[in-house]
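Trainee: Could you walk me through this structure? I would like to start with one helix and work outwards.

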There are 2 protein chains.
Amino acid sequence: MNARLSVNFVDGATVSAADRGFTYGDGLFETLRVVAGRVPLWDRHMARLRAGCERLRLPLPDVDALRLEASRLCEGLDDAVVRITWSRGEGERGYALPSRPHPTLVLSAAPLALDASAYDEGIAVRLCETRLATQPLLAGMKHLNRLEQVMARAEWSDAAYGEGLVRDMAGHVVCATAANLFAVFGDRWATPPVEACGVAGVARAEVLAWREVAVEAITPGRLMAADEVFLTSAVRGILPVRACAGRSWTPGPATRALQAHWRTLGLPLPTMEGFPK
Amino acid sequence: MNARLSVNFVDGATVSAADRGFTYGDGLFETLRVVAGRVPLWDRHMARLRAGCERLRLPLPDVDALRLEASRLCEGLDDAVVRITWSRGEGERGYALPSRPHPTLVLSAAPLALDASAYDEGIAVRLCETRLATQPLLAGMKHLNRLEQVMARAEWSDAAYGEGLVRDMAGHVVCATAANLFAVFGDRWATPPVEACGVAGVARAEVLAWREVAVEAITPGRLMAADEVFLTSAVRGILPVRACAGRSWTPGPATRALQAHWRTLGLPLPTMEGFPK
């Protein structure tokens, strides 16, 4: 089944070729999971979108209208992934901001099917060669300049790898190409900072609000010493990492506790036996 | 007069909202000047586009068809600016490269009018606060991830500034938001390297081929000590800098010689007295 698309609240699948989203990647996006019409992480998505608009000097979208439109596109879908793109819209030639911006809103909705084995057993991840540049002006935002992620993801096509971990220029592991990273050392949970590079994931924010987590740089060597490693994503939820760079893990109690929390939020994660409550 | 647009060789002004150019900034562009149907820097534009395609693993466009289409869009225009955008085209959700890419080609053409006073007297430039991130994987290319330039250009709206100079994270001046930078010290010409950040401009390449230029890091302090400073752009040509950060310059013999070279290439630069040969 193809994605359902709307542009500026009208069913449609095209944008202007002069849209600054297309010409400069000048905009933001959110990718969210809609379960039976509900979006458990909605407020966090909107908080990040709002913060990004302020940093990029974009007008704010009408959040209530956005919510209604996302619901409309998800009608009849039990479990869906919705992408919201909010670009600066058409502009004249040149980088200068339009004096009167008319942003473009694109929504797409598609059915979501999650792979049970990934939640039961975990996924194997690759350590990418692509490094993330240090750019505090843009770090944390889910903006439309995603060539680093494209280049990192292009490093492998072997389906045995479910994700790739990406390092910063100093060699610290920052995140996966499309998920955040957590490592568990005994009672201590840790996740890398995203003030210099990387995306401040909405699922990551949920974990940070749920329990104490040290936000600290993690070297590949330290990651190998973790008791548990998992990835977080607003769409894919809590993914145990079962293998990376020759090391293997079995999903442990910390990961299982967070998966259980995810289910209580209303974000079911499948197992080989189905969808536990 | 509005821009004329074609998408995949057909008159049109829209692209798919699922185009990776729009969703990730996954593509390249060239902005070129067409004078009476001729594109004096065509080969350099195509060399850069080809190099960018190889680095981003994009298929190459049909260069001959591209040339014909650019000519078609410029019919009746004496002096025109053409933008070529070459994106990876539609993709499924996620960063992974499409297994069978169908790139999107967008061409736009618009009349070009250059401001004579800029070439006679020079322009005043601002020193931007926005810093360029170090990313050798993407540096030099004219790719569609241009939020750094958007942020730098958004720093000022005062029309007294014709451009803004942008520094790297170490504080060296790299380029302007949409032009390359040269400084002249006696007989020595210098321009910053673009292997870590910045764009390898087509006009810059023409200057480097025309005469000896030292490619070296330039601090703001050293720039202030230059005898002449000018910017280069494939579209705007050779722009003397007449003021920056309290220092002023008068366009000198080096800048004038390069402007004369530009005219012999078939790229006229106006003066208050008209277009000299």
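Mentor: Let us begin in chain B, where the buried residues of α6(B) pack against α2 (42-56), β10, β11, β13 (228-233) and α8 (253-265) of chain B. Keep in mind throughout that this is a predicted model.

Trainee: Okay, and which residues of helix α6 of chain B are the buried ones?

Mentor: Helix α6 covers residues 202-210 of chain B, and its buried residues are V202(B), A203(B), R204(B), E206(B) and V207(B).

Trainee: What about helix α6 of chain A, which residues are buried there?

Mentor: In helix α6 of chain A, again residues 202-210, the buried residues are V202(A), A203(A), R204(A), E206(A) and V207(A). They pack against α2, β10 (179-185), β11 (188-191), β13 (228-233) and α8 (253-265) of chain A.

Trainee: You mentioned β11. Along that strand in chain B, which side chains are buried and which are not?

Mentor: The side chains of β11 (residues 188-191) of chain B alternate, so to read the strand you follow every second residue: W189(B) and T191(B) point to one face and are buried, while R188(B) and A190(B) point to the other face and are not buried.

Trainee: And in what sense does β10 of chain B pair with β11(B), parallel or antiparallel?

Mentor: Strand β10 (residues 179-185) of chain B and β11(B) pair in the antiparallel sense, over 3 bridges, and within this pairing F185(B) stands opposite R188(B). The two strands form a hairpin with 2 residues between them, and in that hairpin G186(B) takes a positive phi near 60°.

Trainee: Then what about β11(B) and β12 of chain B, parallel or antiparallel?

Mentor: That pairing is parallel, with 2 bridges between β11(B) and strand β12 (residues 214-215) of chain B. If you want to find it on the screen, look for A190(B), whose bridge partner in β12(B) is A214(B).

Trainee: Switching topic: what is the order of the strands in the open sheet of chain B?

Mentor: The open sheet has 5 strands in the order β2-β1-β6-β5-β4 (chain B), and the pairing is antiparallel. The edge strands are β2 (10-11) and β4 (27-35) of chain B, each of which pairs on one side only.

Trainee: How many bridges join β4(B) to β5(B)?

Mentor: There are 9 bridges between these two antiparallel strands, β4(B) and β5(B), and one pair to look for is V35(B) with its bridge partner D79(B) in β5(B).

Trainee: Now the domains, please. Where do they fall in chain A?

Mentor: The domain assignment of chain A gives domain 1 as residues 4-113 and domain 2 as residues 117-265, and the C-alpha centres of the two domains of chain A lie 25 Å apart. Their contact takes 21 residues from domain 1 and 12 residues from domain 2 of chain A.

Trainee: Which elements supply the domain 1 side of that contact?

Mentor: On the side of domain 1 of chain A that touches domain 2, at least two residues each come from β4 (27-35), α2 (42-56) and β5 (79-87) of chain A, with β4(A) giving the most, 7 residues. By class, the residues of this side divide into 8 nonpolar, 7 polar and 6 charged.

Trainee: And how many residues does each chain give to the contact between the chains?

Mentor: Chain B and chain A give 43 residues each. On the chain B side, α5(B) gives the most, with 5 residues, and the classes there are 23 nonpolar, 14 polar and 6 charged residues.

Trainee: Which strand of chain B does β3 of chain A pair with?

Mentor: Strand β3 (residues 14-16) of chain A pairs with β3(B) in the antiparallel sense over 3 bridges, and the bridge partner of T14(A) in β3(B) is S16(B).

Trainee: Last one: what turn lays chain B on chain A?

Mentor: A turn of 180°, with a shift of 0.0 Å along the axis, lays chain B on chain A with an RMSD of 0.0 Å, and that is the relation of a two-fold axis. In chain B, the C-alpha nearest the axis belongs to F22(B), 2.0 Å from it. The same surface serves both copies, since 100% of the contact residues of chain B recur in chain A.

Conventions. Residues numbered from 1 in each chain as written. Chains lettered and ligands numbered in written order. Predicted model: local features only at pLDDT ≥ 70, side-chain atom pairs only at ≥ 80, totals over all residues. Domains from an automatic or database assignment. Contact = placed C-beta atoms within 7 Å. Helix = DSSP H or I, 4+ residues; strand = E, 2+ residues; numbered from the N terminus. Nonpolar A, V, L, I, M, F, W, Y, C, P; charged D, E, K, R; others polar. Pairing = 2+ DSSP bridges. Least-squares fit on C-alpha atoms with pLDDT ≥ 70 in both. Buried ≥ 20, exposed ≤ 12 C-beta atoms within 10 Å, placed from the backbone.
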